[in-house]
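Colleague: Got a minute to go through this model with me? I'd like to start with one residue and work outwards.

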Amino acid sequence: MIEALIAMAVCGLMFVGLYGGISSSFSNIRLSRENLRGTQVLLEKMEVIRLLTWDQINSNGFLATTFSAPLFPSLSSSTNSAAFFYGDIDIQPVAGPGTGPGPGPGPGPGNPPKGKPGSGGGGSGTPPIDGGELNVNYSGDLRIVTVTIRWKTGGRQQSRQLSTYVSRFGIQNYVYN
C-alpha cells in the first residue's frame, strides 16, 4: 500500500512537470510568433517611409502617426479576437553640431563615421537624435524616423522600436525618377 502511494506521488509530480513544460513551450511559441509579427509590422512601416518623398515626410497629416495592426493579418478585424499591435511613428529633425551634446564634426570628406555598433556612427541600431556626428551641411536635410509598437502578451506589456534616418537626397529620388 505504501509503495502504491509513493508511486502515485511520483507519477503526480511527473505529470505536473510535464504539464509545466508543455505550458511553458506554448507560451514561448506564442511570444516568438508575436515578436516575428511585430518585426513584420515595423518593417512594413519602414518600407512605406522609405518610399515617401521628402515633401510627404515633412507634411503634416500625410503619414498617420498612430496605427494598429492585427496579429493575424489574414483575418478580418471583426473575426480577429487575437492581439493587436499599437504603434507610433515619430519624425524629428536632426540637429547639427553645436546644437546638442554631440562631439563635433562628423562624417564628411576626410571624416569617416566613427562609433561603436548601436551608436549611430557607422554601426546599426538607434541613431543619435542630437546629430552631433553629422556634417553641418547635412543637418537640415535629415530627419530621424522612429517607429514603435506595443502589445500585451500574457499580461505583460511588450514593445519594439526601429529608427532610421531619412535624407532629402535619399533613395526615394531614384525610385520615382
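Colleague: What does Phe85 touch, leaving out residues up to four places away in sequence?

Modeller: This is a predicted model, so keep that in mind. Phe85 touches Glu34, Arg37, Gly38 and Val41. It also touches Phe67, Ser68, Ala69, Pro70 and Leu71. Ile149, Arg150 and Trp151 complete the list.

Colleague: And the largest nonpolar core, how many residues does it have?

Modeller: It has 18 residues. Phe85 is among those with the most contacts inside it, along with Ile49, Ile89, Val147 and Ile149.

Colleague: Which elements give two or more residues to this core?

Modeller: Two helices and three strands. They are helix H1 (2-51), helix H2 (54-58), strand E1 (66-70), strand E2 (84-93) and strand E3 (142-153).

Colleague: Step back a bit. What pattern does the chain follow along the sequence?

Modeller: The pattern reads α-α-β-β-β-β-α. That makes three helices and four strands.

Colleague: In what order do the strands sit in the sheet?

Modeller: The order is E1-E2-E3-E4. The sheet is open, and the pairing is antiparallel.

Colleague: Which strands are at the edges?

Modeller: E1 and strand E4 (156-167). Each of them pairs on one side only. From one strand to the next, the twist averages 20°.

Colleague: Where does H1 go relative to that sheet?

Modeller: H1 packs on it and touches E1, E2, E3 and E4. Its direction makes about 155° with that of E3.

Colleague: Let's look at E3, then. How many bridges join it to E4?

Modeller: There are 12 bridges between E3 and E4. On the other pairing, eight bridges join E2 to E3. Both pairs run antiparallel.

Colleague: Which residues are partners there? Take Ile89 to start with.

Modeller: Ile89 has Val147 in E3 as its bridge partner. Across to E4, Arg150 has Ser159 as its partner. Ile144 stands opposite Tyr165 in E4.

Colleague: How many residues sit between E3 and E4 in the hairpin?

Modeller: Two residues. Gly154 is in that turn and has a positive phi of about 60°.

Colleague: How many of E3's residues are buried?

Modeller: Nine of its 12 residues are buried, so E3 is mostly covered.

Colleague: Give me an example. Is Thr146 buried or exposed?

Modeller: Buried. Thr146 lies in E3. Its relative accessibility is 10%, and the cut-off for buried is under 20%, so Thr146 counts as buried.

Colleague: What does the Thr146 side chain make a polar contact with?

Modeller: The side chain of Ser163, at 3.1 Å. Beyond four places in sequence, Thr146 touches Asp88, Ile89 and Asp90. It also touches Gln161, Leu162 and Ser163.

Colleague: And Thr153, which side chain does it join in a polar contact?

Modeller: Glu34, at 2.9 Å. Thr153 is in E3 as well. It counts as buried, at 10% relative accessibility. Glu34 is also on the list of residues that Phe85 touches.

Colleague: What else does Thr153 touch, leaving out residues up to four places away?

Modeller: Besides Glu34, it touches Arg30, Leu31 and Gln158.

Colleague: Over to E4. How does Gln157 count by accessibility?

Modeller: Gln157 is in strand E4. At 48% relative accessibility, it counts as partly exposed, because exposed needs over 50%. Outside its neighbours within four places, it is in contact with Arg150, Trp151 and Lys152.

Colleague: New topic: loops. Where does Pro73 lie?

Modeller: In the loop between E1 and E2. Pro73 is exposed, with a relative accessible area of 53%.

Colleague: How far apart in space are Pro73 and Phe84, C-alpha to C-alpha?

Modeller: 9.9 Å, with 11 residues of separation in sequence.

Colleague: Last thing, whole-chain numbers. What share of the residues count as buried?

Modeller: 27% of the 177 residues. The accessible surface comes to about 11,500 Å². Carbon and sulfur atoms account for 61% of that surface.

Colleague: And among contacts between residues at least 6 apart, what share join residues at least 24 apart?

Modeller: 63% of them.

Note on methods
Residues numbered from 1 in each chain as written. Predicted model: local features only at pLDDT ≥ 70, side-chain atom pairs only at ≥ 80, totals over all residues. Heavy atoms only, no water. Core = buried A, V, L, I, M, F, W, Y, C linked by side-chain atoms within 4.5 Å. Buried < 20%, exposed > 50% of the residue type's maximum accessible area, 1.4 Å probe, protein only. Contact = heavy atoms within 4.5 Å. Areas by Shrake-Rupley, 256 points an atom, 1.4 Å probe, with all protein chains shown as cover. Polar contact = N/O pair within 3.5 Å; in protein donor to acceptor, adjacent residues only side chain to side chain. Pairing = 2+ DSSP bridges. Axes fitted to C-alpha atoms, helices over the stretch in contact; angles between N-to-C directions.
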